[in-house]
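Q: Hey, I have a structure open and I'd like to chat through it. Could you help me find my way around?

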Amino acid sequence: MDEKLAALTQIYRVLENTLDGHLLACHRGCAACCTLNVTMTTLEAYQIINYLNQTEGMDLLERLSSSSDKSRFIPELTINALARRCAGSDEISEEEHTLGRGVCPLLIDDACAVYTARPLACRTMVSSRDCRMTGYATMDPFILSVNNVLMQFVEHVDQGGLTGNLTDVLLYLSEKENRHAYETGAVIPGANGLLANHALTVLMVPPEHRQPMAPVLKSLNPAMAEIT
Ligand code: SF4
């Protein structure tokens, strides 16, 4: 687990370095993207639970139970499964997006209760213009490509783990026996509606971003960059 968590930290650092120098409208107190529809892997949830344990914030997980009956986005494919299908000749059907309208259960007084341990999806949701004015995030297309690649790497690092909606993954790992199963590589796909993670076999990088993506891949890990 230590190696996986170190890789996750490295991935977060690469994102920070990529965003460095970009003018962003995001700031503390703006929580327009903190919805019930965030997804993540078990590795990211594991880090959040470690953080809550260290900060005596495990009570927060009770908020998840109370919002668990709310409608929210449940992914049908992980990002690496999607990339593999896109690269093959498989027909890709448009995923039905059932989106919830509520806020993330970890948002308290317009601030993230797990900010330093927040998952990649939250870190990648940046905008150069205030989303509350436009209704959507405005993102440099290259940053979008980097976000996709980093999500692919997190899933790759977390092979043997699961992916799903933030609420479902955290509720799953909030059970001690599930945490133990995860630590010992014995999770069961399908539990809580979660999907099995896949290895990274093909990167989702459009031709115009291949060259600028090379240093990003190199900084992730020279061995992992071989995957390309
Ligand atoms: S985990 Fe934190 S940053 Fe992410 S959606 Fe929830 S409140 Fe917002």
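Q: Which residues does Arg179 touch, not counting residues up to four places away in sequence?
A: Happy to help! One thing to keep in mind is that this is a predicted model. Leaving out those sequence neighbours, Arg179 touches Tyr46, Ile49, Asn53, Met58, Leu173 and Ser174.

Q: Where is Arg179 found?
A: Look in helix H9.

Q: Is Arg179 buried or exposed?
A: Arg179 counts as buried, because its relative accessibility is 13% and the cut-off for buried is under 20%.

Q: And how far apart are Arg179 and Leu8 in space?
A: Going C-alpha to C-alpha, 18 Å lies between Arg179 and Leu8, and they are 171 residues apart in sequence.

Q: Let's go to the start of the chain. What can you tell me about the length of helix H1?
A: H1 covers residues 2-19, so to speak 18 residues in a row. From its first C-alpha to its last it reaches 26 Å, close to the 26 Å expected at 1.5 Å a residue.

Q: Which residues of H1 are buried?
A: Leu5, Ala7, Leu8, Ile11, Tyr12, Val14, Leu15, Thr18 and Leu19 are the buried ones.

Q: I see gaps of three and four in that list. Why do residues three or four places apart point the same way in an α-helix?
A: An α-helix has 3.6 residues a turn, so residues three or four places apart point the same way.

Q: What do the buried residues of H1 pack against?
A: Four helices: H2 (42-54), H5 (120-124), H7 (141-157) and H10 (210-220).

Q: What comes just after H1?
A: Gly21 does, with a positive phi of about 95 degrees.

Q: Now H2. How does the span of H2 agree with 1.5 Å a residue?
A: H2 has 13 residues, which should span 18 Å, and its end C-alpha atoms are indeed 18 Å apart.

Q: Which residues are buried in H2?
A: Those are Thr42, Leu43, Glu44, Ala45, Tyr46, Gln47, Ile48, Ile49 and Leu52. Tyr46 and Ile49 also turned up among the contacts of Arg179.

Q: You mentioned H5. What does Leu120 touch there?
A: Leu120 is in helix H5. Apart from residues up to four places away in sequence, Leu120 touches Ile11, Tyr12, Leu15, Glu44, Leu150, Met151 and Val154.

Q: Is Leu120 buried or exposed?
A: Buried, because Leu120 has a relative accessibility of 1%.

Q: Tyr12 keeps coming up. What sits over the ring of Tyr12?
A: The charged end of Arg123 does, 3.7 Å from the centre of the ring. There is also Arg118, which lies over the face of Tyr115 at 3.8 Å from the ring centre.

Q: How many aromatic pairs does the structure hold?
A: One.

Q: New topic: the ligand. Which residues are around the ligand?
A: Around it you'll find Cys34, Val38, Cys104, Leu106, Leu107, Cys112, Cys122 and Leu166.

Q: How do the residues of that shell divide into nonpolar, polar and charged?
A: The shell around the ligand has eight nonpolar residues, no polar ones and no charged ones.

Q: Cys34 is in that list. What about Val103, which residues is Val103 in contact with?
A: Setting aside neighbours within four places in sequence, Val103 is in contact with Cys34, Thr35 and Leu36. Val103 is in the loop between H4 and E2, and it is exposed, with a relative accessible area of 53%.

Q: Back to backbone angles. What is special about phi of Asp109?
A: Asp109 has a positive phi of about 50 degrees although it is not a glycine. Most residues other than glycine have a negative phi.

Q: Where is Asp109?
A: In the loop between strand E2 (107-108) and strand E3 (111-112). Asp109 counts as exposed, because its relative accessibility is 75%.

Q: What is the phi of Asn192 like?
A: Phi of Asn192 is near 60 degrees, which is positive, and this residue is not a glycine either. Asn192 lies in the loop between helix H9 (176-183) and strand E5 (195-196). At 41% relative accessibility, Asn192 counts as partly exposed.

Note on methods:
Residues are numbered from 1 along each chain as its sequence is written. This is a predicted model: local features need pLDDT of at least 70, side-chain atom pairs count only at pLDDT 80 or more; totals for chains, interfaces and linings use all residues. Side-chain values use heavy atoms; hydrogens and water are left out. A residue is near a molecule or strand if one of its heavy atoms lies within 4 Å of it. Ala, Val, Leu, Ile, Met, Phe, Trp, Tyr, Cys and Pro count as nonpolar, Asp, Glu, Lys and Arg as charged, and the others, Gly among them, as polar. Rings of Phe, Tyr and Trp (its six-membered ring) pair if their centres lie within 6.5 Å; planes under 30 degrees apart count as stacked, over 60 as edge-to-face and the rest as tilted. A charge sits over a ring if NZ of Lys or CZ of Arg is within 6 Å of the ring centre and within 35 degrees of the ring normal. Helices (H or I, at least four residues) and strands (E, at least two) are DSSP runs, numbered from the N terminus. The expected span of a helix is 1.5 Å times one less than its number of residues. Buried means under 20% relative accessible area, exposed over 50%, partly exposed in between (1.4 Å probe, protein chains only). Contact means heavy atoms within 4.5 Å.
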